[in-house]
Amino acid sequence: MITVPVQAYRFIVTILVGFGIAFLYDIISFAGLQGGKSSVKRFFFDLFFWIASIAFAFTVLFRSNYGEIRYYVFVGMIVGFVLYRFTLRRYVVDVLVAIKWILKRIVYMLGRCWRHIHHGIRIMTGRAHNLHGGNDSDA
């Protein structure tokens, strides 16, 4: 017979699995790795994601529950998924938007630095007239 504390532990594990699956889905979707706007690509992405998620969930559950699948396992995963969606998702999306903005700024600044470095190299090598529409045949 399984004790109540062991069942509580297993239930908490299933809630965390639900949280993790929802969190991972948001990160992948936000990163643009979900296959674009094509419904066929999106379908196959979702299919692959959920098959992989089920495999992950059953692996974790097999290790934490010793292969026993009980009804509270599914309830816990659904509770974790729903709790994440209604509590943390908004904050996670805000953080992801901020990270995306920061990364865009970094890429923009690196591009500007590269243009200045490239311009300086072209001036030093005597091919600066190419920067503003000139061609190499004039040189």
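Here are a few friendly notes on this predicted model, centred on helix α3 and its surroundings.

1. Let's start with the kink. Helix α3 covers residues 71–125 and bends by about 60°, with the kink centred on L88. Just after the helix comes G126, with a positive phi near 85°.

2. Next, the buried side of the story. Which residues of α3 are buried? They are Y72, V73, G76, M77, G80, Y84, V92, L96 and R122. These buried residues pack against two other helices, α1 (4–30) and α2 (39–65). For the spacing in such a list, it helps to recall that an α-helix has 3.6 residues a turn, so residues three or four places apart point the same way.

3. T14 is a good place to look at that packing from the other side. This threonine sits in helix α1, and T14 counts as buried because its relative accessibility is 0%, against a cut-off of under 20%. Beyond its neighbours within four places in sequence, T14 touches L61, Y72, V73, G76 and M77. The T14 side chain also reaches the backbone oxygen of F11, at 2.6 Å.

4. Finally, have a look at the surface. A nonpolar patch there is formed by V95, I99, W101, I102, L103, I106 and L110, which together have about 700 Å² of accessible area. One of them, L103, lies in helix α3. Is L103 exposed or only partly exposed? L103 has a relative accessible area of 49%, so it is partly exposed, as the exposed class needs over 50%.

Notes
Residues are numbered from 1 along each chain as its sequence is written. This is a predicted model: local features need pLDDT of at least 70, side-chain atom pairs count only at pLDDT 80 or more; totals for chains, interfaces and linings use all residues. Side-chain values use heavy atoms; hydrogens and water are left out. The bend at a residue is the angle between axes fitted to the seven residues ending there and the seven starting there. Helices (H or I, at least four residues) and strands (E, at least two) are DSSP runs, numbered from the N terminus. Buried means under 20% relative accessible area, exposed over 50%, partly exposed in between (1.4 Å probe, protein chains only). Contact means heavy atoms within 4.5 Å. A polar contact is a pair of N or O atoms within 3.5 Å; within protein, one must be able to donate a hydrogen and the other to accept it, and residues adjacent in sequence count only if both atoms are side-chain atoms. Patches are made of residues with over 30% relative accessible area and no salt bridge: like charges are joined within 9 Å, nonpolar side chains (Val, Leu, Ile, Met, Phe, Trp, Tyr) within 5 Å. Accessible areas come from the Shrake-Rupley method with a 1.4 Å probe; for residues, only the protein chains shown count as cover. A salt bridge is a side-chain nitrogen of Lys or Arg within 4 Å of a carboxyl oxygen of Asp or Glu.
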